[in-house]
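Hi,

Here is the structure I said I'd pass along. Have a look at it first, and my notes on what turned up follow below.

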Amino acid sequence: SEDVTTAAISNGADVASISASGLLATSRVLATRNVTVRAALEGKVATKVVSVEPQMTEGFEIKDGVLVRYTGPGGTVDVPPEVTSIGREVFKGCSALTSVTVPASVTNIGNGAFCECGELTNAVIRGPVKKLVETFNDCGKLMHVELNRELEEIGHDTFCYCESLASIEIPPLVKVLGDRAFEGCALTEVTIPDSVTTIGFYCFG
C-alpha cells in the first residue's frame with residue numbers, strides 16, 4: 001500500500017499530503033512557495049524540495065498573502081482571513097458585488113480596490129488599515145460603511161461620487177481627509193474628530 005507523508009514549510013506546519021507515488025492529496029498552502037517533501041516507503045526515506053501552488057478559493061487568487069485577483073460571482077463577499085493585503089483595483093468594476101467585509105488580517109488596501117462597483121451597498125473594514133485612497137470611488141449605491149478605528153488617512157477620492165452615502169463615522173485617529181474624499185456624496189452631517197489636521201480641496205465638494 002502507498003505510504004502517505006506530508007510536505008512541511010520551514011516552521012514545520014503541514015501544508016499538504018502527498019502519496020508515495022507523488023500525487024498531491026490535499027493542500028493548505030496559501031501562497032506559492034518551496035516546500036520540503038519527506039517520503040518513507042519500505043523503510044527507505046527520501047526528501048525533495050518542490051514548488052507548491054496556492055489553491056483558488058471561490059475566485060480569490062492570493063500570492064504571499066496578497067489578494068491579486070478576484071473572479072468570483074460577487075454578491076456578499078467575505079475576503080478570506082489568510083489575506084494580509086488587497087492589491088490595487090482588485091475588485092474594480094465588479095458589477096455583481098453588493099457587500100464586502102475586509103477581515104482583521106488585512107493591513108493594507110491598494111488604491112481603488114473597490115472603485116466603480118456600481119451595485120455595492122455595504123462595506124466593512126475590520127483590519128488595521130492606516131490609509132485609504134480611491135477605495136470606493138464611484139460606488140454610486142454605497143449606503144453603509146464601517147471603517148476600522150486604526151485608520152489615519154482617508155485619501156483623495158476615497159468616497160468620491162458615492163451618491164447614496166448619507167452618513168459616515170470618521171474614526172478617531174484620522175489625521176487627513178484628502179482632496180475630493182467625499183465629493184458628490186449625499187452627506188448631510190459629518191462629525192470631524194479633533195485628530196484631523198488636514199482637509200483637502202473639495203473634500204466635501
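Let me start at the surface: Lys92 is partly exposed, with a relative accessible area of 39%. Keep in mind that this is a predicted model, so every value here is computed from predicted coordinates. The side chain of Lys92 meets that of Glu89 in a salt bridge, at 3.9 Å from N to O. Glu89 is partly exposed as well, at 32% relative accessible area.

That pair belongs to a set of six salt bridges in the structure. Another one brings together the side chains of Lys130 and Glu152, with 3.8 Å between N and O. What does this pair tie together? Lys130 sits in the loop between E12 and E13, while Glu152 sits in the loop between strand E14 (144-146) and strand E15 (153-154), so the salt bridge links parts that are 22 residues apart in sequence. Both ends are partly exposed: Lys130 has 43% relative accessibility, and Glu152 has 29%.

There is also a small network, in which Glu61, Lys63 and Arg69 are joined by salt bridges that share partners. Within it, the closest N and O atoms of Arg69 and Glu61 are 2.9 Å apart. Is Glu61 buried or partly exposed? Glu61 counts as buried because its relative accessibility is 17%, and the cut-off for buried is under 20%. Its partner Arg69 counts as partly exposed, at 45%.

Now the overall picture. The protein has 205 residues, and 43% of them are buried. Its secondary structure is made up of 17 strands and zero helices. The accessible surface comes to about 10700 Å², with 49% of it belonging to carbon and sulfur atoms. Among contacts with a separation of 6 or more, 18% are between residues 24 or more positions apart.

On to the inside. In soluble globular proteins, nonpolar side chains tend to be buried together. Here the largest nonpolar core has 44 residues, and the ones that touch the most other members are Ile86, Phe91, Phe114 and Phe159. At least two residues of this core come from each of strand E6 (60-63), strand E7 (66-70), strand E10 (97-102) and strand E12 (122-125). Which of the strands gives the most to this core? E10 does, with three residues.

Phe91 is a handy residue to centre your view on. Not counting neighbours within four places in sequence, Phe91 has contacts that include Phe60, Leu67, Tyr70, Val77 and Val79. Ile86, Leu97 and Phe114 are also among them, as are Ala113, Cys115 and Cys117.

Two of those contacts, Phe60 and Tyr70, lead straight to the strand pairing, with Tyr70 of E7 being the bridge partner of Phe60. E6 and E7 run antiparallel and are joined by four bridges. The two strands form a hairpin with two residues between them, and Asp64 in the turn has a positive phi of about 50°. Which way does E7 pair with strand E9 (residues 85-86), parallel or antiparallel? The pairing is parallel, over two bridges, with Ser85 of E9 as the bridge partner of Val66.

Further along the chain, there is an open sheet of four strands in the order E13-E15-E16-E17, with parallel pairing. Strand E13 (131-132) and E17 stand at its edges with a single partner strand each, so one side of each has no neighbour in the sheet. E17 pairs with strand E16 (residues 176-177) over two bridges, in the parallel sense. In that pairing, Ile199 of E17 is the bridge partner of Leu177.

Ile199, which lies in E17 (residues 198-199), turns up again on the surface. Together with Ile192 and Phe204, Ile199 makes a nonpolar surface patch of about 250 Å². Ile199 is partly exposed, with a relative accessible area of 46%.

That's the handover. Shout if anything is unclear.

Cheers

Definitions and conventions. Residues numbered from 1 in each chain as written. Predicted model: local features only at pLDDT ≥ 70, side-chain atom pairs only at ≥ 80, totals over all residues. Heavy atoms only, no water. Buried < 20%, exposed > 50% of the residue type's maximum accessible area, 1.4 Å probe, protein only. Contact = heavy atoms within 4.5 Å. Areas by Shrake-Rupley, 256 points an atom, 1.4 Å probe, with all protein chains shown as cover. Core = buried A, V, L, I, M, F, W, Y, C linked by side-chain atoms within 4.5 Å. Pairing = 2+ DSSP bridges. Patch = residues over 30% accessible without salt bridge, like charges linked within 9 Å, V, L, I, M, F, W, Y side chains within 5 Å. Salt bridge = Lys/Arg side-chain N within 4 Å of Asp/Glu carboxyl O.
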